[in-house]
Amino acid sequence: MQPIQYASSCKLPGNHNPLYTQRFGADPGMLVWDGRLYVYTTNDAVTYDGEGKPQENTYSNIRTINCISSADLVNWTDHGPIPVAGKDGAAVWASNSWAPCAAHKNIGGEDQFFLYFCNGGNGVSVLTADSPAGPWRDPLGHGLITRDVPNCANVLWLFDPAVFVDNDGTGYLFFGGGVPEGMQADPGTIRCVRLGEDMISLACEPQTVHAPYVFEDSGINRIGDTYYYTYCSNFTTGGNELGITNGAIQYMTADHPMGPYTWRGEFFQNPERFFGLGGNNHHSLIAFKGEHYLAYHARTLETPLGITGNYRSPHLNKLIVNEDGSLGMITGDMQGVPQVEPFCPYAVIPAATMARQGGIEVTGHDESVQLCAGEGSWVQLEGVAFDKGAARFTIHAGSEKGGSVILTADKQDAAPLCIAQVPAGEAADITVAMESLIGTHDLYLTFTGDVTADWWQIAAE
């Protein structure tokens, strides 16, 4: 076998941030369903000038939303970019799809999922689905929050939704942002509203949330019996008595989801403090498998790609919740969070599942997601538990000119566990015998030639 020239990776070994590197992704919103954490992000689309050089991110070309999910917070399945806005999207009337958030609710005995997004800075819209990964549909044919809604016409930035379903099944939506001139300390541009039983209508008039030095980026959560409203501060906070810093995440608490809220403190500073590149600071909070987590974005993928222009990637760190309910200060880092459970290789694994990768592209969405690999491309999965051993490897793959998939454990250049030859032609199931493996290992799939793959599976006997 000829030596393989492995594709480079933008994610160092041992690092779990950013969550993925095959695309950019900003403004993370999160949803827990059936033992998995789903993360939805604005699909930052790189724009280029006439000479092919990346330009500053204008957000004007963003019409899709990324969706990834994980059961262990280290190995992530890419569900592809969701087509949301424009002629190819579910909401054909919308121009953009920014700042997603998602919710689940059982209505009439049926599990339903709701994806809220902003159509630029002038409204909040909603899509529905029967699965957290879609396919998504437009139930209204227009925005849910527009400037025609009472108490919304004077919101500078009618965007950045945050959704929350309380224990009694009632849904709430927070949104808004912007700093009117001379109102830096109390912009008054955040709104909260109770949603209808169907989650796609409003049950009351939106109310104003007075958050000190607010800029944008609402979040709403319940921890115990306390409601937490979280947000990003603006960039004119100098000299305030509260100690609020620019572009940092603040929290307020209340005894009711619609308030009144009392400011409590700051718990995550601007990513510039940790990674050197700053900008807006967008977050969400979630409880998952006994721990609380903070998702945020940072510009950590720009440097290894050799570009700049405010293109963001999602990160995850533990949220510190003290016994008295206060939130501790969080340090952003590249290490991220530890794996919360071993990865099981015996189920049918979507091919676009990885902890790290080099040279990989992911295409399609919903049921048509494919991993696309070229010569030397690879994916790594961490903490794969071979507690039943291994006997056979099956992959559903195809190739234009022919290629192969090489499985190794713990190191890319280790002796192959097996090699699956992928002949030129349509995708098909390819099964090969593999060396037995016991215990927990990192697993590498390295590709030669050109290969597109849908899924793979390992059989114990």
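## Ground rules

For sorting residues by class, Ala, Val, Leu, Ile, Met, Phe, Trp, Tyr, Cys and Pro go down as nonpolar, Asp, Glu, Lys and Arg as charged, and the others, Gly among them, as polar. What you're looking at is a predicted model, where local features need pLDDT of at least 70 and side-chain atom pairs count only at pLDDT 80 or more, while totals for chains, interfaces and linings use all residues. Residues are numbered from 1 along each chain as its sequence is written, and side-chain values use heavy atoms, with hydrogens and water left out.

## The largest pocket

Let's start with the open spaces. A pocket here is an open set of points on a 1 Å grid over the protein atoms alone, with protein on both sides within 12 Å along at least five of seven lines; a residue lines it by having an atom within 4 Å of a point. Volumes are the space filled by probe spheres set on the points, with grid points joined across faces, edges and corners. On that footing, the largest pocket comes out at about 670 Å³.

Its lining takes in 34 residues, and Val163, Phe164, Ile220, Asn221 and Ile286 sit nearest the centre. Sorted by class, that lining has 19 nonpolar, 11 polar and 4 charged residues. Strands (DSSP E runs of at least two residues, numbered from the N terminus) do a fair bit of the lining: strand 1 (26-33), strand 5 (98-107), strand 8 (162-165), strand 12 (214-223) and strand 16 (283-288) each give at least two residues. Strand 12 supplies the largest share, with 7 residues.

## The second pocket and strand 4

The second largest pocket has a volume of about 280 Å³. Of the 14 residues lining this pocket, His79, Pro350, Asp366, Glu367 and Val369 are the closest to its centre. Two elements give two or more residues to the lining, strand 4 and strand 30 (451-459), and the largest share, 3 residues, is from strand 4. The class split for this lining is 6 nonpolar, 4 polar and 4 charged.

Strand 4 (residues 76-83) is worth a look in its own right. It's mostly covered, with 7 of its 8 residues buried (buried means under 20% relative accessible area with a 1.4 Å probe, protein chains only; exposed is over 50%, and partly exposed is in between). Strands count as paired if DSSP finds at least two bridges between them. Strand 4 runs antiparallel to strand 3 (residues 64-70), with 5 bridges joining the two; Ile65 has Ile82 as its bridge partner. Strands 3 and 4 make a hairpin with 5 residues between them, and Leu73 in the turn has a positive phi of about 70 degrees. Strand 4 also pairs antiparallel with strand 20 (residues 353-354) through 2 bridges, and there Thr77 is matched with Thr353.

## The nonpolar core

A nonpolar core is a set of buried Ala, Val, Leu, Ile, Met, Phe, Trp, Tyr and Cys residues joined through side-chain atoms within 4.5 Å. The largest one has 37 residues, and Phe393, Val405, Leu407, Leu445, Trp456 and Ile458 touch the most other members. At least two residues of this core come from each of several strands, including strand 24 (378-386), strand 25 (392-399), strand 26 (403-409) and strand 29 (439-449). In soluble globular proteins, nonpolar side chains tend to be buried together.

Take contact as heavy atoms within 4.5 Å. Not counting residues up to four places away in sequence, Phe393 touches a list that includes Val405, Leu407, Ile430, Leu445, Trp456 and Ile458.

## Ser377

Ser377 belongs to the loop between strand 23 and strand 24. This serine is buried, at a relative accessible area of 3%. Setting aside neighbours within four places in sequence, Ser377 is in contact with Ala7, Gly358, Gly359, Ile360, Leu445, Thr446 and Phe447.

## Sealed spaces and strand 18

A cavity is a set of grid points where a 1.4 Å probe fits but cannot get out, and the structure holds 2 of 30 Å³ or more. The largest has about 40 Å³ of space, and its lining includes Pro271, Asn280, His297, Arg299 and Arg312. The second largest has about 30 Å³, with Lys11, Tyr20, Met354 and Arg356 among its lining residues.

Strand 18 (residues 313-318) is largely enclosed by the rest of the structure, because 5 of its 6 residues are buried. It runs antiparallel to strand 17 (residues 291-298), joined by 6 bridges, and Tyr293 has Lys318 as its bridge partner.

Definitions and conventions. Helices (H or I, at least four residues) and strands (E, at least two) are DSSP runs, numbered from the N terminus.
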